[in-house]
Amino acid sequence: MMRPLEPVSPLLRVVLGIGFFVLFVAFWAWMTLGGYVNRVFLADPFSMLRDGWRLLVEDNFALDILITVWRVVGGFVLASVVAVPIGIMMGAWKPVEALLEPFVSFARYLPASAFIPLLILWAGVGEVEKLLVIFVGSVFQLILIIAVSIGNTRRDLVEAAYTLGSSSGGIVRRVIVPANAPAIAETLRLVLGWAWTYVIVAELIGASSGIGYMIINSQSRLATGQIIFGIIVIGLIGLISDTAFKALNRWLFPWSLA
Amino acid sequence: MTKLAIENVSRTFAGTHGGQPVKALQPANLSVNANDFITILGPSGCGKSTLLRIVAGLDRPSTGRVLLDGREVRRPGPARGMVFQSYTLFPWLTVADNIAFGLREKGMPEKERREIVASYVDLVGLKGFENHWPKQLSGGMQQRTAIARALANDPEILLLDEPFGALDNQTRGLMQELLLGIWEKRKKTVLFVTHDIEEAIFMASRVIVMSARPGRIKSDVAVDLPHPRLYTIKTSPEFSALKARLTEEIRVEAMRAVEAH
């Protein structure tokens with residue numbers, strides 16, 4: 001019997017979660033091996049695995065994976081280093097918000113992918129351009145979400161701190177920042193997922209390495225097995241980094257879950 | 001010797017969306033002696049919390065001024081410690097670190113801090129819970145921590161805004177005894193806002209009764225019950241007489257408040 005909002009046992013949760021993956025792959029295998037779709041356009045799961053193995057062993061695909069991971073992490077760290085302080089300042093100090101909020105809201109809608117031609121003109125097709133694409137795609141989103149959570153800091157906590165003798169700087173450093181640290185970490189986790197989208201787009205254009213480069217390269221050879229393998233690798237890395245990020249947040253902020 | 005002087009303090013809130021301005025508090029005058037325990041009693045919406053927030057410096061009066069030790073209150077500060085009705089412990093700090101918060105803001109070295117914290121943990125009966133997060137505590141324990149946090153800062157005056165309002169009846173009774181016991185041991189000037197008549201009498205050396213909106217101070221009743229007070233005093237004839245009198249005064253105000261809406 002299912003009841004609304006009733007929790008599910010941990011074992012059943014794992015079984016159901018894995019079960020859907022199995023179902024999905026089974027459907028895929030049935031469609032391709034059963035001959036319902038043309039093999040030219042969609043490889044079956046077994047040839048996908050074979051192609052993937054060949055990529056790793058013969059084409060040094062592990063290096064591409066490493067390069068892509070480095071680009072995501074590099075661009076994302078760059079964006080975070082800029083966005084976290086600005087977001088905190090915008091949320092805490094209303095004149096800063098009045099100054100920057102309209103521009104950031106505007107810039108947030110500028111599609112990062114549309115900047116790629118411009119960024120190639122400015123920075124060439126090297127690593128700097130890849131990092132900049134991710135930076136442009138993430139930084140404004142981060143600033144805005146962080147500013148909003150900072151702005152929603154519980155006022156009664158701020159008032160309590162004032163009656164305990166906090167100065168304005170003390171309020172920001174010892175109330176506003178720690179109160180929002182879990183929300184900021186959660187925002188970073190969310191936007192890291194988006195950064196993966198930008199890196200692949202950046203690697204589809206003007207790149208000579210990386211997962212995205214391999215994918216666009218495989219397209220011209222109709223190697224759909226390789227393309228799907230590349231996409232699955234991205235998904236797996238995303239899943240791993242997301243889980244790691246969640247575990248890190250739990251470890252850093254035990255008070256928010258106690 | 002006057003510790004706190006409230007002189008002609010009134011508060012009018014600007015109307016929202018072009019509406020009429022709301023008069024929350026009519027000019028109030030009150031003089032509080034050092035080490036007095038004053039309870040401010042009134043129906044909801046009588047401006048008693050507004051008055052307390054003005055004393056704390058969290059709100060500014062529309063007219064008049066508040067003087068603490070002869071100095072005008074303009075902003076919140078450590079001289080006026082406050083305990084709120086809502087649970088305002090810092091959730092990212094342990095019980096001990098919450099109590100130490102004000103001392104840390106003062107820049108007191110850690111060793112001194114630890115001694116003071118230990119004594120207040122003891123005073124409010126939270127030994128063994130020093131390293132708990134606020135979320136792991138019951139409502140009563142959270143408010144005990146909040147009282148310890150305010151007192152550890154050694155404020156000139158302690159302000160409490162319906163601190164036990166969200167607690168169940170039994171816990172509330174125990175908390176009243178705890179706070180009164182602390183006050184009897186370590187004299188302190190206290191301003192305590194409540195809408196609970198029994199609570200107001202039990203704790204107070206003076207009960208200030210406030211009228212319904214717009215709030216104003218209606219009467220000032222001395223409570224001469226002996227100290228130390230135990231919960232048994234709540235059934236004494238003197239207590240009952242005071243309760244009957246204040247019940248009548250508050251009832252009139254509560255009815256006026258209902259009719260006004």
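Visitor: What percentage of the 258 residues in chain A is buried?
Guide: This is a predicted model, in which local features need pLDDT of at least 70 and side-chain atom pairs count only at pLDDT 80 or more, while totals for chains, interfaces and linings use all residues. Residues are numbered from 1 along each chain as its sequence is written, chains are lettered from A and ligands numbered from 1 in the order in which they are written. A residue is buried if 20 or more other C-beta atoms, placed from the backbone, lie within 10 Å of its own, exposed if 12 or fewer, and partly exposed in between. For chain A, the buried share is 34%.

Visitor: How many helices are there in chain A?
Guide: Helices (H or I, at least four residues) and strands (E, at least two) are DSSP runs, numbered from the N terminus. Chain A has zero strands. Its helix count is ten.

Visitor: Which element gives the most to the side of chain B that touches chain A?
Guide: Contact means C-beta atoms, placed from the backbone, within 7 Å. By that test, 22 residues of chain B meet 15 of chain A. Two elements of chain B, β6 (80-83) and α3 (101-106), each give two or more residues. With four residues, the top contributor is α3(B).

Visitor: Which strands stand at the edges of the open sheet in chain B?
Guide: Strands pair if DSSP finds at least two bridges between them. The order is β2-β1-β4-β5, with antiparallel pairing. Each edge strand has a single partner, so one side of it lacks a neighbour in the sheet. The edge strands are β2 (22-33) and β5 (71-72) of chain B.

Visitor: Which residue in β4(B) does B:S10 stand opposite?
Guide: β1 (residues 2-13) and β4 (residues 63-68) of chain B pair in the antiparallel sense over five bridges. Opposite B:S10 stands B:T63.

Visitor: How far apart are the end C-alpha atoms of helix α4 of chain B?
Guide: The expected span is 1.5 Å times one less than the number of residues. The 14 residues of α4(B) (residues 110-123) should therefore span 20 Å. The end-to-end distance agrees, at 20 Å.

Visitor: Within what arc do the buried residues of α4(B) fall?
Guide: The buried residues are B:R113, B:V117, B:Y120 and B:V121, and their cover includes α2 (95-99), α3 and α5 (139-152) of chain B. The face turned away carries the exposed B:K111, B:E112, B:E115 and B:D122. The arc is that of the directions from the helix axis to the C-beta atoms. The buried residues line one face, because they fall within an arc of 105°.

Conventions:
Two residues are in contact if their C-beta atoms, placed from the backbone, lie within 7 Å.
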